[in-house]
Amino acid sequence: MLTTSRRSLLRTAVAGTAAAGSVLALGSAFPASAAPPGPATGTRPRTPEESLRELTAGNRRWRTYRQEHPHESPSTRLRLTKAQHPFAIVLGCVDSRVPPELVFDQGLGDLLTVRSAGEVLDEAVLGSIAYGVLELAVPLVLVLGHQSCGAVGAAVHADETGEKLPAHIQYLADQIRPAIDRGQHGEARVDATIDAHARRTRDRLAAEPDLARAVSAGKLAVVAARYELNDQRVRTLN
């Protein structure tokens, strides 16, 4: 039988579940306005910088309630039956409040999205990202953490109390534990760990040999970022 603290923890987990190797000179936050324009409408971003600018512009539309919901037309759907050319890979959390296509106001064929609770890496996630980089030549990998991440909160709680989580959730906690910020306490610890874990995941991806070669060749950037539920803003984590 689950204890009251265990029930609370599981409810929380379910409800809320310079870039490494390449520095993009766009500052530490997605600008509130007047972001450098991306490529002309209808053209695919081809560089890490162009891709990040496109995500910046999309997030600005999202948080200012000016979404365009692009690339959903019948002609786009027909064109995508032949091939796909996404311009960014977003590794995000499974949290229902942070869908990348909405957060960045992108449409069909724009993003290769990979989602796991707490952006945890495993072989399936790594293989999915490698596929995007090596087979589809995607120039940007964005690791997107977010405010009030339930997976990170569960990992911190388990670490502090020694409480074992149900089998597969414990795996998530074990993967997040190395990023726990022990210099903070309470909610501040969870909040700091969200950022630290996103950075650590970014660094691990950038160190993968195939991805590292693409970074060294200037064909790829791996960036960590954070989404705020309060104001829907995304900022990069240096």
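Begin by selecting R235 and D195 in this predicted model; the two residues form a salt bridge, with the closest N and O atoms 3.5 Å apart. The contact joins distant parts of the chain, since R235 belongs to strand β5 (residues 234-237) and D195 to helix α8, 40 residues apart. Colouring by accessibility brings out the setting of each partner: R235 is partly exposed at 27% relative accessibility, whereas D195 is buried, with a relative accessible area of 10%.

Keep this pair on display and add D191, R226 and E228. Together with D195 and R235, these residues are linked in a network of salt bridges. Within that network, centre the view on R226 and E228, which form a salt bridge whose closest N and O atoms are 2.5 Å apart. Both R226 and E228 are buried.

Next, select E160 and R189. Here the closest N and O atoms of the salt bridge are 3.1 Å apart. E160 lies in helix α6 (residues 150-161) and R189 in helix α8 (residues 186-207), so this pair ties together parts that are 29 residues apart in sequence. A display of helices α6 and α8 as ribbons, with the two side chains as sticks, shows the arrangement. The partners can then be inspected one at a time: E160 is partly exposed, at a relative accessible area of 44%, while R189 is buried, at 11%.

How many salt bridges does the count give? The count comes to 14 salt bridges, and the pairs visited above are among them: R235 with D195, R226 with E228, and E160 with R189.

The last stop concerns the cysteines. Select C93 and C149 and display the distance between their sulfur atoms. The nearest cysteine sulfur to that of C93 belongs to C149, 4.2 Å away, and C93 is in no disulfide. Likewise, C149 is in no disulfide, its nearest cysteine sulfur being that of C93. Why does this pair not count as a disulfide? The cut-off requires the two sulfur atoms to be within 2.5 Å, and the separation here is 4.2 Å. For the model, the count of disulfides comes to zero.

Before leaving this site, switch to the accessibility colouring again. Are these cysteines buried or exposed? C93 is buried at 2% relative accessibility, and C149 is buried too, with a relative accessible area of 3%.

Terms used. Residues are numbered from 1 along each chain as its sequence is written. This is a predicted model: local features need pLDDT of at least 70, side-chain atom pairs count only at pLDDT 80 or more; totals for chains, interfaces and linings use all residues. Side-chain values use heavy atoms; hydrogens and water are left out. A salt bridge is a side-chain nitrogen of Lys or Arg within 4 Å of a carboxyl oxygen of Asp or Glu. Helices (H or I, at least four residues) and strands (E, at least two) are DSSP runs, numbered from the N terminus. Buried means under 20% relative accessible area, exposed over 50%, partly exposed in between (1.4 Å probe, protein chains only).
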